[in-house]
Amino acid sequence: MIRARGVRKSFGSAIVLDGIDLDVESGEVVSILGSSGSGKSTLIRCMNGLEKLDAGSITIDDFDVSRPKDLAEARKRSATVFQLFNLYPHMTAVQNITLAPIQVLKRSRAEAEAAARTLLDSVGLGARADAYPAQLSGGQRQRVGICRALAMNPRYLLLDEITSALDPEMTAEVLNILAQLAKNGTTMVFVTHEIEFARTISSRIVFLDKGQLVVDLPTEEFFAADGGMARPRISQFLSKMRKD
Amino acid sequence: MRYTSFTPYDFVLLAQGLGVSLALFLATSLIGLVIGTIWAVIRFYRVPVLTPFIAFLAELLKNSPVLVQLFLVFFGLPALLKINVTPVEAAVITLSGNTAAFIYVIAVSAIESIGRDQIESARVFGLSRWQVLHHIIAPQAMAFAVGPLTGLLVNQLQVTSLISVIGVVDLTKIGNILNLRTLKPFIVWTIVGGLYYVTAKLVALGGAMLEKRLRAHTAWKGL
Amino acid sequence: MPFDVTILAPHVPFLLKGALLTAEACALALVGSLIIGLLVAALRTSSSPLLSRAAFVYVDLFRNIPFIVQLFFFFYGLPEIGIYVDAFTTGVIALSIAGGAFSSDVIRSGILAIDTGIIEAAEVSGLSKPVIFRKIVMPIALRTSIRPLGSVFINLVLTSSILSTITLNELTGSAKIVASDTFRPFEVYAVLLIAYASLTYLVSLAIGVLHRRLNRDRMPEVA
């Protein structure tokens, strides 16, 4: 499980995370909602060790991401998909996907490539396996990004606003894949603005506001009329989101 | 009798060599600046025949070794034209021409950086080509060019060291003389290199200061 | 004595031998500068202040001291400390060290231009720092810097003519011999000038092709 305890993080004088406690159990899909600047993305970046914690701790299967020795193991167990895809521009889709399995998991090239092509097939990109990122649309790039993460066989998938840079049609492509993954029982931490979608795939919804975790409820309860929805800050946020 | 150790007089020698290098550097930079700017103006006026010829000449000078250019002027010209060319004359001709080629390139891109629309709108207002050049282009191009110009000058300072090969007694030639006499190459070439380094840094510093002043000046004028 | 190039015909094979030596020296120095350039660029962009400072000092020194002074430093200095290598090796070493300083600057800006998100993606996937540098940073930086690296290489070719001053009979050295044998220095150096200019022109064409081949389809301008 992913366990965050008392996580604090500030950039200069701005406090971004102000004492976050969060547990994500295996098999759960946890969506993190909140307005921009609420600290959602920073929380993900703390989980994968891209940001150092000021205080508190985050462990992934008991490996502490703040300890350099543990971080490598924690990163083997998790994989991240980024908002701006962050594909390696000089490598084809297949090369993007196989680099870490070959280098980190010490898979053979043939084995890694076969797995990569299977993954690409499963997201409908079998024919584009040897294309470079620049030759792919945004939605296709993000599907490659998801395959790259999945190729590491992660126990936890960290998704950082992965549809924010996509237009609605491409967003649908990507979300369909996530729905499939959720059905297969992949554990996911999902930072998003797609509230309706979060409602359909999440087991739990977490709401961040000004660096604090103000709500942590099962999805049903969150969206119930007398649940999290009833809180003014959240209803305000949701109505604003729905309008957009 | 051989003086194998360093003497106080060697400092005088080094200072003289540095003086020769600096004098030639300043003189050829100035001449090159004038010629290169004239070439750029010729291009601005689109003078037929001359414009493509200058473009070709500049390419040739930029893309061939300065050492070969020096040999052509110092050994080649006297043989072809039956004239006498001293090492210093050859150095001045070659370095000025070489610098002019690079100045020309910088000046052309500086003029082009200003943008056709500005030039055209000024022409529409009835300004002559010369007035446009003088009032619109020159001040802006100057500010744009100072940065690249400083880089060029630092480079051209180093290029002057090649004139030692045709016998000009510049700083590098003094290094050669001291090297042969004392047989202490590390010390000699470290001192010579150090002197060039300090001079290059001073040129760069001067350029940076000038750029700051020019930018402040243009910014003030723009308000 | 009128201008007559045909007089050089019998000396063409000899000159070609010199050109071959130039090509060899430049090819080796290109490899040397790229290796040094990559290494120094890695040091300069490293998180250790000491290493990045040391790398900066190297680049600053070798960029601001004339190549001929560097060359003499090695040519006369190395035997002093008991290292006896031939002029060719000395020349290649000196060219590599000087070229390395210039290429490291180019590669460094290529590295700094890489989107940090790409590096982060590599980090979180568990790749080690050396692997990230080798597989991600280096190939991207080299691809984007093909053109400026090409200019460094062209400069290397032109600078290699200075190796003639340490008794190496590369292209310029051979030309000097032909000039004094034929008493036709103007013809010899004029042809040599054109030869270098054509050579560098071909190199720049090749760089353009290489740039397009490496970057076409793969890394178009980010929209």
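# Two interfaces, three chains

Mentor: One salt bridge is counted between chain C and chain B.

Trainee: Which side chains form the salt bridge, and what makes the pair one?

Mentor: They are Lys201(B) and Asp60(C), 2.7 Å apart from N to O. A salt bridge needs a side-chain nitrogen of Lys or Arg within 4 Å of a carboxyl oxygen of Asp or Glu, so the pair at 2.7 Å qualifies. This is a predicted model, in which local features need pLDDT of at least 70 and side-chain atom pairs pLDDT 80 or more, while totals for chains, interfaces and linings use all residues. Residues are numbered from 1 along each chain as its sequence is written, chains are lettered from A and ligands numbered from 1 in the order written, and side-chain values use heavy atoms, without hydrogens and water.

Trainee: Which elements of chain C supply at least two residues each to the side that touches chain B?

Mentor: Helices H2 (49-64), H3 (67-80), H7 (146-159), H8 (171-182) and H9 (185-215) of chain C do. Helices here are DSSP runs (H or I, at least four residues), and strands likewise (E, at least two), numbered from the N terminus. H9(C) gives the most, with ten residues. By class, this side of chain C has 24 nonpolar, seven polar and four charged residues.

Trainee: How do you know how much is buried between chain C and chain B?

Mentor: Buried area is the accessible area (1.4 Å probe) that two parts lose on being put together, summed over both. For chain C and chain B that is about 3,200 Å², with 77% from carbon and sulfur atoms. Asn64(C), Phe186(C) and Leu193(C) supply 20% of what chain C buries against chain B, more than any other three residues.

Trainee: Why is Asn64(C) called buried?

Mentor: Its relative accessibility is 9%. Buried means under 20%, exposed over 50% and partly exposed in between (1.4 Å probe, protein chains only), so Asn64(C) counts as buried. Asn64(C) lies in helix H2 of chain C. Among the residues that Asn64(C) touches are Tyr196(B), Tyr197(B) and Lys201(B).

Trainee: What makes the approach of Asn64(C) to Asp60(C) a polar contact?

Mentor: The side chain of Asn64(C) reaches the backbone oxygen of Asp60(C) at 2.9 Å. The rule asks for N or O atoms within 3.5 Å; within protein, one must be able to donate a hydrogen and the other to accept it, and residues adjacent in sequence count only if both atoms are side-chain atoms. The value of 2.9 Å is therefore inside the limit.

Trainee: How do you know whether chain A and chain B are in contact or apart?

Mentor: Contact means heavy atoms within 4.5 Å. Chain A and chain B do not touch, and their nearest C-alpha atoms are 30 Å apart. Of the two pairs of chains that touch, B and C have the most contacts.

Trainee: How many residues meet between chain A and chain C, and how much area do these chains bury?

Mentor: Each chain brings 21 residues, and about 1,900 Å² is buried, 64% of it on carbon and sulfur atoms. Glu120(C) and Arg45(A) meet in a salt bridge at 2.8 Å, N to O. On the side of chain A that touches chain C, helix H3 (residues 93-103) of chain A gives the largest share, three residues.

Trainee: Why are strands E9 and E10 of chain A called paired?

Mentor: Pairing takes at least two DSSP bridges, and E9 (residues 204-209) and E10 (residues 212-218) have six, in the antiparallel sense, so the rule is met. Phe207(A) stands opposite Val215(A) in E10(A). The two strands form a hairpin with two residues between them, and Lys210(A) in the turn has a positive phi of about 50 degrees.

Conventions: Nonpolar A, V, L, I, M, F, W, Y, C, P; charged D, E, K, R; others polar. Lists of a residue's contacts leave out its neighbours within four places in sequence.
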